[in-house]
Amino acid sequence: MTLRRAPLFARALLERLNVQGFPDVSQIAEARRTATQLAATLGFTDADTGRVALVATELATNLIKHGGGGEILLSQHQEGSAEPAVEIIALDRGRGIGDLQ
């Protein structure tokens, strides 16, 4: 699998979701719902839409459980005649990892 980044001009930030650092199922559901709607709007198959939903759910859950809350950024991009893609970025507010060694 090759991962490619679309040029910046081809990206459009569509949603910025704030996720608080306490358990709230509605925040996870909102992230999943928003990502699902974006994928469906872009014409993703049901299977691919499900994958996008799973990624959004996992990222939102991890922000709450491990990251002290944060933001989820959803964007779409398309490079030339390639199929559209969804990019999901999770930005946490955690302390980070102290010592990896």
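**Exercises on a predicted chain**

Leaving aside its neighbours within four places in sequence, Ile 88 touches Ala 35, Val 52, Val 55, Ala 56, Leu 59, Ile 72, Leu 73 and Leu 74, where contact means heavy atoms within 4.5 Å. The model is predicted, so local features need pLDDT of at least 70 and side-chain atom pairs count only at pLDDT 80 or more, while totals for chains, interfaces and linings use all residues. Residues are numbered from 1 along each chain as its sequence is written, and side-chain values use heavy atoms, with hydrogens and water left out.

**Exercise 1. Describe the layout of the chain: how many helices and strands are there, and in what order do the elements run?**

Step 1. The protein chain has two helices and three strands, which are DSSP runs (H or I with at least four residues for helices, E with at least two for strands) numbered from the N terminus.

Step 2. Read from the N terminus on, the elements follow the order β-α-α-β-β.

Step 3. Of the 101 residues, 32% count as buried; buried means under 20% relative accessible area, exposed means over 50%, and partly exposed lies in between (1.4 Å probe, protein chains only).

Step 4. Among contacts between residues at least 6 apart in sequence, 64% join residues at least 24 apart.

**Exercise 2. Check the span of helix H1 and find where its buried residues lie around the axis.**

Step 1. H1 has 17 residues, which at 1.5 Å a residue should span 24 Å, and its end C-alpha atoms are indeed 24 Å apart; the expected span is 1.5 Å times one less than the number of residues.

Step 2. Gln 27, Ile 28, Ala 31, Thr 34, Ala 35, Leu 38 and Ala 39 are the buried residues of H1. They cover an arc of only 135 degrees around the axis, and therefore sit on the same side of H1, the arc being that of the directions from the helix axis to the C-beta atoms.

Step 3. On the face of H1 turned away from its buried side are the exposed residues Val 25 and Thr 41, and just after the helix Gly 43 takes a positive phi of about 85 degrees.

**Exercise 3. Carry out the corresponding analysis for helix H2, residues 46-66.**

Step 1. H2 has 21 residues and reaches 30 Å from its first C-alpha to its last, close to the expected 30 Å.

Step 2. Its buried residues are Thr 49, Val 52, Ala 53, Ala 56, Thr 57, Ala 60, Thr 61, Leu 63 and Ile 64. Seen down the axis of H2, these buried residues fall within an arc of 160 degrees, so they line one face of the helix.

Step 3. The face turned away from that buried side carries the exposed residues Arg 51, Lys 65 and His 66, and H2 is followed by Gly 68, whose phi is positive, near 70 degrees.

Step 4. One of the buried residues, Thr 49, has 9% relative accessibility and, leaving aside its neighbours within four places in sequence, is in contact with Thr 36, Ala 39, Ala 40 and Phe 44.

**Exercise 4. Which residue forms a salt bridge with Asp 48, and how far apart are the closest N and O atoms?**

Step 1. A salt bridge is a side-chain nitrogen of Lys or Arg within 4 Å of a carboxyl oxygen of Asp or Glu, and by this rule the count comes to one.

Step 2. The partner of Asp 48 is Arg 51, with the closest N and O atoms 2.6 Å apart.

Step 3. Because Asp 48 and Arg 51 are three residues apart in helix H2, about one helical turn separates them.

Step 4. Asp 48 is partly exposed at 33% relative accessibility, whereas Arg 51 is exposed at 53%.

**Exercise 5. Which members of the largest nonpolar core touch the most other members, and which elements each supply at least two of its residues?**

Step 1. A nonpolar core is a set of buried Ala, Val, Leu, Ile, Met, Phe, Trp, Tyr and Cys residues joined through side-chain atoms within 4.5 Å.

Step 2. Of the 15 residues in the largest core, Ala 35, Val 52, Ile 72, Leu 74, Val 86 and Ile 88 touch the most other members. Helix H1 (25-41), H2, S2 and strand S3 (85-92) each supply at least two residues of this core.

Step 3. For Ile 88, return to the opening list, in which Ala 35, Val 52, Ile 72 and Leu 74 are among its contacts.

Step 4. Another contact of Ile 88 is Leu 73, which belongs to strand S2 (residues 70-77) and is buried at 13% relative accessible area. Leu 73 and Ile 88 are 15 residues apart in sequence, and their C-alpha atoms are 5.7 Å apart in space.
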